[in-house]
Amino acid sequence: MGDIMDPMSKIFEEAKRNPKMKKKLKIKAAFTLLLSVMFLGVIFITVGTILASKHGSFIGMTQLDFLKLRSRYGLIMTALILIHLGMNWNILKKEIEFLMS
Ligand code: HEM
């Protein structure tokens, strides 16, 4: 099984039978999921900044409040993305090699 455009499904099937691989992929998946949920916050803060700049405030927060929140949230996102990037580093290296080949 597994579509040619979906090589990961084969790897996940293999991981179910390999405890070490399973643990590693589960940690990676948990981080990616956390990043996805946190991304909703990025959308909210971005839209909030725009609405607050248009109407003076949004849900009681001024544009400056949103911008302050945004810079702090950005730091958390940057940390999470760096971890995510670290966990995917080997794949990224292979992708770049592949792109250049
Ligand atoms: C909201 C932010 C992000 C989300 C939700 C997200 C989600 C994902 C998902 C679902 C995968 C595949 C599963 C996995 O490997 O865990 C992935 C892989 C990857 N991500 Fe992200 N990602 C985000 C941001 C980023 C950023 C900013 C970078 C680069 C700076 C990045 C670099 C990568 C790389 C290199 C891979 C592996 C590439 C591959 O599998 O082809 N990600 N990401």
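In this predicted model, the shell around the ligand draws at least two residues from each of helix 2, helix 3 and helix 4, the last of these spanning 89-100. Helix 2 provides the largest share of that shell, with six residues. The shell comprises 13 residues in total, and those that come nearest to the ligand are T32, S36, F39, N88 and L92. By residue class, seven members of the shell are nonpolar, four are polar and two are charged.

Since helix 2 figures so strongly around the ligand, its packing against other helices is a natural place to look next. Helix 2 covers residues 19-55 and helix 3 covers residues 63-87; the two pack at an angle of about 160°, and their axes lie 10 Å apart. An angle over 145° counts as roughly antiparallel, so helix 2 runs roughly antiparallel to helix 3. The crossing of helix 2 past helix 3 is left-handed. Nonpolar residues number 16 in the contact of helix 2 with helix 3, alongside seven polar and two charged ones.

One residue of helix 2 that can be followed in some detail is T49. Leaving aside residues up to four places away in sequence, T49 touches Q63, F66, L67 and R70. How buried or exposed is T49? There are 19 other C-beta atoms within 10 Å of T49, and burial calls for 20 or more, so this residue is classed as partly exposed. A sense of distance comes from pairing T49 with A30: the two are 19 residues apart in sequence, and their C-alpha atoms are 29 Å apart in space.

Helix 2 also packs against helix 1, which is formed by residues 8-17. Here the angle is about 120° and the axes are 6 Å apart, which means that helix 1 is oblique to helix 2. Helix 1, too, passes helix 2 in a left-handed crossing. On the helix 1 side the contact is made by E14, A15 and K16, and on the helix 2 side by M21, K22 and L25. These residues divide into three nonpolar and three charged, with no polar residue in the contact.

Attention turns finally to the loop between strand 1 (57-58) and strand 2 (61-62), where I59 is found. The backbone of I59 is worth a look: phi is positive, at about 40°, although the residue is not a glycine. I59 has 10 C-beta neighbours inside 10 Å; a count of 12 or fewer marks a residue as exposed, so I59 falls in that class. Along the chain, I59 is 53 residues from D6, and the C-alpha atoms of the pair are separated by 42 Å.

Terms used. Residues are numbered from 1 along each chain as its sequence is written. This is a predicted model: local features need pLDDT of at least 70, side-chain atom pairs count only at pLDDT 80 or more; totals for chains, interfaces and linings use all residues. Axes are lines fitted to C-alpha atoms, for helices over the stretch in contact, and angles run from 0 to 180 degrees between N-to-C directions. Helices (H or I, at least four residues) and strands (E, at least two) are DSSP runs, numbered from the N terminus. Angles under 35 degrees count as roughly parallel, over 145 as roughly antiparallel, 65 to 115 as roughly perpendicular and the rest as oblique. A crossing is left-handed if the near helix is turned anticlockwise from the far one by less than a right angle, and right-handed if clockwise. Ala, Val, Leu, Ile, Met, Phe, Trp, Tyr, Cys and Pro count as nonpolar, Asp, Glu, Lys and Arg as charged, and the others, Gly among them, as polar. A residue is near a molecule or strand if its C-beta atom, placed from the backbone, lies within 6 Å of it. Two residues are in contact if their C-beta atoms, placed from the backbone, lie within 7 Å.
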